[in-house]
Amino acid sequence: MPHRTFFWFILPTALAMILFIGLPIVSSFFQSLHIENEQVLMEVENCDPFGCTTNVRVDVEATEKIEAENPLGRFNGFGTYIDRNHLAFDEIREAWDNTSTVGEFKDIVLNLPFYKALLFTLTFCFAVTPPVIVLGFIVALSVNTLAKKLKGFIVFGTILPMIVTPLIGSLVLFWMIDSQGIIGASIQILFDDPNLSLKASSNLTWITLIIYGIWHNTPFAFVVFYAALQTVPQDPLEAAFIDGASRFERVRFIVIPHLYPVATFIMLICLMDNFRVFEPIIGFSAEGVAQSLSWMIYQDLRNENKMLFGSAGATSMLTILGIAFLLTPVLIRTWKEFKTER
Amino acid sequence: MNQTINKYSKQIIIVNSIFILFWLTISIFPFIWTLWGSFKVKADFFSRADWTYALSGFNTLIETGATTTIKAYLESWTEGEFGRATMNTMIVTVSVVSISLFLGTLGAYALSRSTFKYTFYILIIALVFRAMPHITLVSGYLFPFFQLNIWGILPTTIIVLVAINQPFTLWLLYSFFKTVPKELDESALIDGCSYFQAFRYIIMPVMWPGVVTAGLFSMMLAYNDFTVTALLLNQHNYTMVPKINAYLGTVEYGGNYMWAVSSVVSATAPLFMIIWFFQRQLISGLTAGAVKG
């Protein structure tokens, strides 16, 4: 295809992507270098029959004027990146100097907002992914052995958790595990503890969120494994069967090695998607004990008084760095694949 | 021979059936429970005294005079303006699907037919874009949108969702067009067609299987989106998912909680029906993704 024709064909989609994916990243970065305007304060003298007092109050007019001149705020360089709500270099240095044991130091650092969110995000990613792969594989194996007539319905039932949006999925589960819902109440009866609630402790909330993550992601792993199972070559399986390999041995030594590349693919996609975990936190009302990086950005943008564009931008940039880190293996894989294709 | 391999012993069949039943319970039951509970009052669905009330509809009977009620549905669709949210979702979904397919087919066709190296870089960039968390993009939109005064309205959200959706659509349709034989449109070119005519008269009639799959994924993205719609639309223009979240913000008003429950049912039911019909295409799309990254 000549360059000119190619250009016209690709133009609309390229334009959409550049304008609404490429530019926002640049805009985010630009915002992260700025910080909100300071409010202009002025001293006002209030005099009444008992004497005069001076109060400091916000000069609304002057503040608005600055706001209109500099809507983005004032330039702050990389200041936002290292402030207390992000990388918190000063606080970490201080903690390092003032603590004697690693445990104490760790406690202080992990209580800083950014590191707390990072810890949850990473824990979520790495706790959800392995069970998803194992469970997805087992479900795929069992569905594969079923009679053809049943498969349609069972595949449909299996993929439901993946189809609903995370917010609705987590709400549906949340209503059941609520201390007044069916599962929550049953657990209370089972352990004979009327105060037991999955919302009560931060550990239980984390576990609930992780279980939700597994529930939501397993269907994806299932579908991919299920499709890959159809491509397992039959000849080696037959040969192994003739040589007397048991069913388990055939799965272990022929099917699983065949599915390795697929498993790595699922792992990477899962890690990448779970790195943006955010909606379940809202669905489970778990903001108090579990914050993720995406949730921090949402919170900055939802700020009641004033949207904190700078802070949101800085967290966005740091999140993108994290994604880039996770994405590198995928990119290398695609690169190699593409080269061999040519 | 094949038959002996695929013959399963009784134990395997039993263990397998139990496992499948167990798994189906986990994946389907929450939805059935929500559907059931949406016809009860809050005191039953969240029963402080005894969860079996949710089954018997004890409080529902006291409050409404019957064991099931559609009060929550009626109220959320009228007072809660859920009908409006549904309308908005429909507008957004239909526009996003049609625009993204239009842009995506053109782009993907060009990518699959060009032999120059830059196609590879475009696809890699699309892959990187696909990995961007949506919320980081939204944080980039808000400020410029406020300045341009285009925040809060549906068209902006539609364009944003189309753009966010492009990388995946491009990859999916690219791998689909690769499977359409080149000879088909090449012969048309030799006969004197322009590339656009070849696309219009030769490719378009055969591209529907791929387009249906890509359309299905665009639909799911637009229909399910929360991050973009919650932050880029004003309350008045909310689509279904942010609307449901808005109901939850007012937990104190007992009734509204059931609005959320019934709205979840109203929002998921059509989606499940569509997926039931297009299951095969959905799965083929996911596997195409697996092969191509």
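This short presentation describes a model of two protein chains, A and B, beginning with each chain and ending with the contact between them.

Good morning. Please keep in mind throughout that the model is predicted. For chain A, the mean pLDDT is 84, and 99% of the residues reach 70 or more. The elements of chain A do vary in this respect: strand S3 of chain A, residues 51-58, has the lowest mean pLDDT, 75, while H5(A) has the highest, 91. As a general caution, where pLDDT is low, the predicted coordinates should not be read in detail.

Let us start with chain A. Its secondary structure consists of 14 helices and four strands. How does the radius of gyration of chain A compare with that of a compact globule of 342 residues? Such a globule would have a value near 20 Å, whereas chain A has 27 Å. Along the principal axes, the C-alpha atoms of chain A occupy a box of roughly 105 × 75 × 45 Å. Of the 342 residues in this chain, 36% count as buried. Among contacts in chain A with a separation of 6 or more, 67% are made by residues 24 or more positions apart.

Chain A is divided by the domain assignment into domain 1 (32-77), domain 2 (78-104) and domain 3 (113-341). The centres of domain 1 and domain 3 of chain A, taken over C-alpha atoms, are 48 Å apart. These two domains do meet: six residues of domain 1 of chain A are in contact with six residues of domain 3 of chain A. On the domain 1 side of that contact, one residue is nonpolar, four are polar and one is charged.

One residue to look at in chain A is Asn76(A). Where does Asn76(A) lie? It is found in the loop between strand S4 (74-75) and helix H3 (89-98) of chain A. Asn76(A) counts as partly exposed because it has 13 or more but fewer than 20 neighbours by the cut-offs used, its own number being 16 C-beta neighbours inside 10 Å. Leaving aside residues up to four places away in sequence, Asn76(A) touches Leu33(A), His34(A), Ile35(A) and Gly310(A). By contrast, the C-alpha atoms of Asn76(A) and Ala239(A) are separated by 69 Å, with these positions 163 residues apart along the chain.

We may also examine a helix, H6 of chain A, residues 148-163. At 1.5 Å a residue, its 16 residues should span 22 Å, and the end C-alpha atoms are 23 Å apart, so the two values agree. Which residues of H6(A) are buried? They are Thr158(A), Ile159(A), Pro161(A) and Met162(A). In general, an α-helix has 3.6 residues a turn, so residues three or four places apart point the same way. The cover over the buried residues of H6(A) includes helices H5 (113-144), H7 (166-177) and H9 (202-229) of chain A, together with H2 of chain B.

That brings us to chain B. Here there are 16 helices and zero strands. Chain B has a radius of gyration of 24 Å, where a compact globule of 293 residues would have one near 19 Å. Its C-alpha atoms fill a box of roughly 80 × 70 × 30 Å along the principal axes. Of the 293 residues of chain B, 45% count as buried. Residues 24 or more positions apart supply 70% of the contacts in chain B with a separation of 6 or more.

The assignment for chain B gives domain 1 (8-72) and domain 2 (75-292), and 33 Å separate their centres. Their contact takes 10 residues from domain 1 of chain B and 11 residues from domain 2 of chain B. On the domain 1 side, H2, helix H3 (42-45) and helix H6 (71-78) of chain B each give two or more residues. The largest share of that side, four residues, comes from H2(B). By class, the side has five nonpolar, three polar and two charged residues.

Helix H2 of chain B also contains Ile12(B). This residue counts as partly exposed, because it has 13 C-beta neighbours inside 10 Å.

Finally, how many residues does each chain bring to the contact between them? Chain B brings 76 and chain A brings 78. Several helices of chain B supply at least two residues each, including H2 (10-37), H7 (82-113) and H16 (254-292). The chain B side of this contact divides into 56 nonpolar, 18 polar and two charged residues. Thank you for your attention.

Notes: Residues numbered from 1 in each chain as written. Chains lettered and ligands numbered in written order. Predicted model: local features only at pLDDT ≥ 70, side-chain atom pairs only at ≥ 80, totals over all residues. Domains from an automatic or database assignment. Contact = placed C-beta atoms within 7 Å. Nonpolar A, V, L, I, M, F, W, Y, C, P; charged D, E, K, R; others polar. Rg over C-alpha atoms; globule rule 2.2 N^0.38 Å. Buried ≥ 20, exposed ≤ 12 C-beta atoms within 10 Å, placed from the backbone. Expected span 1.5 Å × (residues − 1). pLDDT = per-residue confidence, 0-100.
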